[in-house]
Structures are given as structure tokens and as C-alpha cells.
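Here's a walk through one protein chain, element by element. Have a look at the fold first, then follow along.

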Amino acid sequence: MNTLNTPDTKDRSGSEVDHDCCGNNAPAKTAPTPELAGATYTCPMHPEVRQTGPGSCPICGMALEPVEVQVEEDDSELRDMRRRFLWSTVLTLPIALVAMGDMVLPGSPVRGILGDGSRWLELVLATPVVFWAAWPLLVRCGESLARRRLNMFTLIGLGVLVAYTYSTVAVLAPGVFPAGFRGEHGVALYFEAAAVIVTLVLLGQVLELRARSSTGAAIRALLDLSPKTARRVDDAGDEEEVTLDVVQVGDRLRLRPGEAVPVDGKVLEGTSSIDESMVTGEPMPVEKAAGDAVVGGTVNTTGSLLIEAEKVGSETLLSRIVQMVAEAQRSRAPIQKLVDKVAAWFVPTVIVCAVLSFLAWSLWGPEPRFAYGLLNAVAVLIIACPCALGLATPMSIMVATGKGAQLGVLFRDARAIESLRDVDTLVVDKTGTLTVGKPELTKLLPRGGEDEETVLRLAASIEARSEHPLAQAILSGAEKRGVAPGSVQDFSSVTGKGVLAIVDGEPVALGNLALMEQEAVAVSDADRSEAESLRETGATVMFLARNRRLAGIIAVADPIKDSTPQAVRELRAMGLRIVMLTGDSRGTAQAVGRELGIDEVIADALPDEKLGTVERLQAAGSKVAMAGDGINDSPALARADVGIAMGTGTDVAMESAAVTLVKGDLRGIVRARHLSEATMRNIRQNLVFAFGYNAVGVPVAAGALYPLTGWLLSPMIAAAAMSLSSVSVIANALRLRKAPI
């Protein structure tokens, strides 16, 4: 492992990448814990950058984050940025009131009361904003210049320093400026521009860090699924509660009803049902007996089990899911990277223009040459201040995010909005995404002269004593139809087959074909064929016998959501290829796929197989969106180009995804896609506004019109043009609120 601040950078193929030393964050940042200081850190935008200990990325300037999943969150940087933002806001408001009072409120008495003291007040208030609140930004600006890797922090730092330095000179030495640049209140000041830039950028940093903290919360939520202790059983049969970190392969562990499975293992003794929805996404618990495998993090429902630990620590399935989510999340590149690419040529061009303008005026300009040179150079830098460029993307994203919320579509980050328009393949989970996610009574076929009410009453009576998840579907169906269960005696459960009982004095059996054969109940070929047809539609089929005669056939299924067929049709009309990826059985999955017209169906998929499918599609050149609602979907959601979670699903799925559909309605993907296209058009328009002003304004500010017209661009006009470009960007972004989606 490298020493602190020494980069250990490798590209994804494993070869070394030559980067400069990353350096530390701002000195004011709280020191990390020893555990974090010794960890390997990487950049969320550039995963190839790695170093030991925290620091900032040598490419984009972002703060690095730990590669390994940390149980405890280090929020010191967020707290530091929040504190700087709050103080910057407090100091910026009076600066803006003094500087812009006349514009906002004509006849404002502020300047009249303070007189020339207002200029000194602005200087005093702006100084801590620039040299304390903005210090982390200035450090990253300096590092970008030193490494010759220009980015947004370069633009921000130059804009702030130029506006502040020019204004400071205007306060301390106003005599260096020609009389033509003096207004009613002397030489114009731009402290408010510097302070407002700092405040807005710090706000963006706070929001970004909060979003990254939310990502960490998803991983910690996954870790919380595993219990912190386990009940270890020794050779004498005595039980001892121990922490999970001391459990070793081969240990015997007691699992009581309602407890989470602590590690991956196999059952030695006992029978029970395990809720494995974390792994499979399916709502029905799975019956377990001696020899069956159990997965850490799943939940024991009814019986007591003795299990043997086979995989512990980082080898468990849950730990691997956690690591897959963390790695997939780090592989994303936010939309701001586009602006950094533009800045790579924009910033040096502006600096060169400012220097050339200063030299030309200092050598060949009219007297006072130095003053004219300085003022024209300042005008160039001020008109090229990154206000509009910095607002171009965030304003559109902010408006689009609000618009999406109104439509029931929650975007977690800008990358999702950018990427969604390019998606050509949509991978969808079945349970809870295409379907309701809860078994329901779908078919009731009386036999042997019985009526539907009698069949349902008998089934509900016997299932009232059962803890099987299908029992609840039958009981709910009876309740909806107003059918009351009868009295039950001698209830018994036959593992793997069904249940038996005496209902109203008559023997009743409810279960599969094996139970019917055990109870010597005749089932005709026609009824067997009918049951098979129901299974092909994805239903679970049960036979009901009364007095050893077949009384009815009952089908329970997870029904397709009412909105799903229309959503699938609209998505396919948009040119998307739809792939169903589910942990459910192949027969059920194919039945749903046929009904909806799904392009490809992949069944019996575990979490790592879902992740592998997404990676396979991406390797083939597809832009993949993944829609799901379960914990088992979270690695694939995080790895997809766009992860889409159902708002009716688990918190972990929603935290792992970049888009959440509040109503759990796939038609939200159609709306999200249209919004993505409109937003990216809006961002491109904003960038045209931002750079259009610079393309025209920079040459004019440099004095290009002077030989022809004798006219120079005052820094005041440059500042007005800069403000106008920002206003144009904001106004254009606000149009998204009324865009037809």
C-alpha cells in the first residue's frame, strides 16, 4: 500500500496510469479517522485514480472516497462545506444589498447612509467569503493549474479572484483607473459577483456531498440486513451469543423464528420457511429442511433451525452484493464531466486573450497604457466569468428534477437524466415491477357439483390455520367475496404437498396433485390438463377435495399490473428492446413474457446473474436501463447505465437506483425518457447562450472594436453582459416547467 498522498492509479485493465500527486483537501477539512486515513481512495468520476488516504482527484478536483465499503460514514467534508456555505450566505446578503440596492429598490437609502464607507464594507465582508469560505475551491483551482488539468474549479477560482482583485484595487487605489471608468459612486465594484459565485458553488458542493452520502446510506442499509450476533452451539449443545466477526466456517448456529440468518450455510436439523425475497425478489417463503442451503440476511419465519456456517465475512452473498453495489456506483460519470471537457480549452483561451489584450494595450495603446491594458484584461476575464457556464447544467437539472417529481419520477442525479435518452435496452424485473408483487386468488373452478361459494368457504376454512403465503391470498379472496370460513378441527400440514383438516365435520384436503394421490382422490385427465393450462399462465394451482372427491381447482397468481401492458407497448414504440430478468421460475416468467410481448425472458436469476446479464448487454454495446424493486435487484440497478426503482419496492433498491417511479408504474419510464430528451436539449441551448456571449463579448472586451469605432467595453458593461448571460440561461431553463412531457 502506498503512503499517504502517493497516488496508486491504475486503469481498469490493471496497467499503471501516470497522474500527478493528488494532494489533500482544504486544510480546514476535519481529519479523517485512522481507519479511513489508511484506506484506498478513488474518484467517483475517474475510477482509475487510486491512492492511500483521502485527497482530491488530479483530473477533476472532486474529493476522493473510500474504495472499500465503510460501516461508519465520514461526513466531515459535508459538515465543513455546509458551514462554509452558511457563513458565505450570511456575508453575501449584505454585500448584495449594498451593491445592488439601487437596482432592486430605486432610491434605496443604503449608499446614502454609508457613503464611501459602503465600498469598504463590501471589501471587509467579501474578504472572508473569498479567502475562507471559498478556500477549498481556490486550493483545487491552484492544483488544477499546477497540474495543467483545467476543470470547473479552475473557472470558478479565476472568476472569483479576478472579480475580487479588481474590486479591491478599485477600493484601495482608485486613481489607477481613468476618469471614463468612474461612475456616480466611483469605479465600479464587483465584490457581489465574487461572493455570489462562491455561495452558489458551495451550495452545489453541499448538494453533491449529500447525494453521495445518500449513496452510502444504501450500502449501509444492505449491511444492516445481516445480524450483528449469532447463537453458536458447542459440542455439548450449549448456546452462546457471539459477535458475527468471530463466527468461523464449520461453526453450528441456532436460528430461532423471526431471526435473520447470520451467514451462508446449510441446515443440519429442523424444518422452517425462509423469506428469501432479498435474494430472489419473490414474496413466498421457501421451505427448508436438513441439507438445504440458507443465505445470510434472509429471514427465518416459523420453525427453529440448526445450521452450519459455510461462508462468513466478505465471502457471504450479502457481502458480495454490498461490494457489487459499491463498485457499480463508482463506475458512473456525472454530466458535469461534459463541462470539464469544454473548460479544458475554454479556460486557456480566455487567459491567453486576457494576456494578449493587456500586452497589446500596454505596448501600443493610448495613455495611460497600463490602466487601459489592465482594464481590458479585467473586462475579458469578467465577461468570461463562469457564472452562466456553471448555471447551464445545474439550472436545467434543477428544473427537470422538479418537473419529474410532479410526474411521479424522482431523479437522484444528473447522470440519470443525461443517460436515459440514450437507453436502447430496458431490463425489467417481474415481481413488483411488471406484476403487483402480491399473490391473489385468480381462478376458482368448482368440480363434482359444488358451487364457487362452497369451494371458497372450504378452502378459506382450512387455510385460516395455515401460515403459508398462498393461504393469505385465498383468505383475502374469500373476504372480498363475503365468504366466511367454517369451523376446523384436526388441522395438519403435509410438507411439500398441502394441508388436511376436518371442516364442518367433513374431511377436506387442499394441495398439489401429490396430496390428491396420497388421499386417493381421483383427478381426471381433463382436470389435470386444466391445471397445466393455468400453470402455463404463471399461476400456482391447488386441488380441493371433500370427502375424498375432487371439489374444485384453485389458482393463485401474482397478477400483472393494470398499467403494465400499455407501458410495454409505449416503450417498444419508442424503440426500446425489453428483457425480463427474474428470479422466478421459468414457466411463470415465460407466461408473463408471452402475455406482455416481452422480447427476451431470463428466469431463475440470482443477484450476481442479474448483474452479469446487465454487464453482458453493456459489453455488446447496448445502453441499458434496469427496472426493479427488490434488494436482489440492487447490484444490477447500480451497474446499469440507468437504474430505475419502483417506489413501492424496498428502500435499498431505491437508494441503489438513479431513478425512482413513485407510483411503481412503468409508464413513468416513458415520461422520464421524454423529460430526459427535453432536458438535454435545454442544456445544449444553455451552453450556446453561455458561450455565445463569450464568443462575442471576449473580443469586444479585448478592444477589437477600438480601431474602428474608438469604443471600449467597460468592466461594468462586461459585468452586465455576464449577468445577462446568466439571466438568459435561467430563463431558458425555466421553460422546462411548461414543456409537454
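Let's start with helix α19, residues 586-596, where Thr-588, Ala-589, Ala-591, Val-592, Gly-593 and Leu-596 are buried. Keep in mind that this is a predicted model. What covers those buried residues of α19? The cover includes α17, α18, β23 (577-581) and β24 (600-602). Right after α19 comes Gly-597, which has a positive phi, near 75°.

**The wider picture**

Stepping back, the protein has 25 helices and 27 strands. Its chain runs to 741 residues, and 52% of them count as buried. If you take the contacts with a separation of 6 or more, 67% are between residues 24 or more positions apart.

**Two helices that meet**

One of the elements covering α19, helix α18, also meets another helix. The axes of α18 (residues 564-573) and α23 (residues 667-701) come within 8 Å, crossing at roughly 30°. On the α18 side, the contact is made by Gln-566, Ala-567, Glu-570 and Leu-571, while α23 brings in Arg-667, Ile-669 and Val-670. Sorted by class, that contact has four nonpolar residues, one polar residue and two charged ones.

**Strands and how they pair**

As a bit of background, strands of a sheet pair through backbone hydrogen bonds, and they can do so in parallel or antiparallel fashion.

Take strand β9 (residues 264-269): five bridges join β9 to β14 (residues 305-311), and the two run antiparallel. Within that pairing, Val-267 sits opposite Ile-307 of β14. β9 also pairs with β12 (residues 293-294), again in the antiparallel sense, over two bridges. There, Gly-265 stands opposite Val-294.

Then there's an open sheet of three strands, in the order β11-β10-β13, with antiparallel pairing. Its edge strands are β11 (286-288) and β13 (299-300), each of which pairs on one side only. β10 (residues 272-275) is joined to β11 over three bridges, and in that pairing Ser-273 has Glu-287 as its bridge partner.

**Salt bridges**

Side chains of opposite charge can pair when their charged atoms come close. How many salt bridges are there here? The count comes to 23, and three of them are set out below.

| Salt bridge | N to O distance |
|---|---|
| Glu-240 and Arg-232 | 4.0 Å |
| Arg-546 and Glu-450 | 3.1 Å |
| Glu-532 and Arg-535 | 3.3 Å |

Are the partners in the Arg-546 and Glu-450 pair buried or exposed? Arg-546 is buried, because its relative accessible area is 16%, under the 20% cut-off. Glu-450 is buried as well, with a relative accessible area of 17%. This pair links distant parts of the chain: Arg-546 is in strand β21 (residues 540-546), and Glu-450 is in the loop between β17 (440-446) and α14 (452-463), 96 residues away.

Glu-532 and Arg-535 both lie in helix α17 (residues 525-536), and because they are three residues apart, about one helical turn separates them. An α-helix has 3.6 residues a turn, so residues three or four places apart point the same way. Glu-532 is partly exposed, at 39% relative accessible area, and Arg-535 counts as partly exposed too, at 31%. Elsewhere, Asp-80, Arg-83 and Arg-84 are joined into one network by salt bridges that share partners.

What about Glu-240 and Arg-232, at 4.0 Å? Glu-240 is partly exposed, with 46% relative accessibility, and Arg-232 also counts as partly exposed, at 23%.

**A closer look at Thr-425**

Finally, find Thr-425 in strand β16 (residues 425-428). Thr-425 counts as buried because its relative accessible area is 2%, where the cut-off is under 20%. Its side chain makes a polar contact of 3.0 Å with the side chain of Asp-424. Which residues does Thr-425 touch once you set aside neighbours within four places in sequence? They are Arg-577, Val-579, Leu-617, Ser-622, Lys-623, Val-624 and Ala-625.

Definitions and conventions:
Residues are numbered from 1 along each chain as its sequence is written. This is a predicted model: local features need pLDDT of at least 70, side-chain atom pairs count only at pLDDT 80 or more; totals for chains, interfaces and linings use all residues. Side-chain values use heavy atoms; hydrogens and water are left out. Axes are lines fitted to C-alpha atoms, for helices over the stretch in contact, and angles run from 0 to 180 degrees between N-to-C directions. Helices (H or I, at least four residues) and strands (E, at least two) are DSSP runs, numbered from the N terminus. Contact means heavy atoms within 4.5 Å. Ala, Val, Leu, Ile, Met, Phe, Trp, Tyr, Cys and Pro count as nonpolar, Asp, Glu, Lys and Arg as charged, and the others, Gly among them, as polar. Two strands pair if DSSP finds at least two bridges between them. A salt bridge is a side-chain nitrogen of Lys or Arg within 4 Å of a carboxyl oxygen of Asp or Glu. Buried means under 20% relative accessible area, exposed over 50%, partly exposed in between (1.4 Å probe, protein chains only). A polar contact is a pair of N or O atoms within 3.5 Å; within protein, one must be able to donate a hydrogen and the other to accept it, and residues adjacent in sequence count only if both atoms are side-chain atoms.
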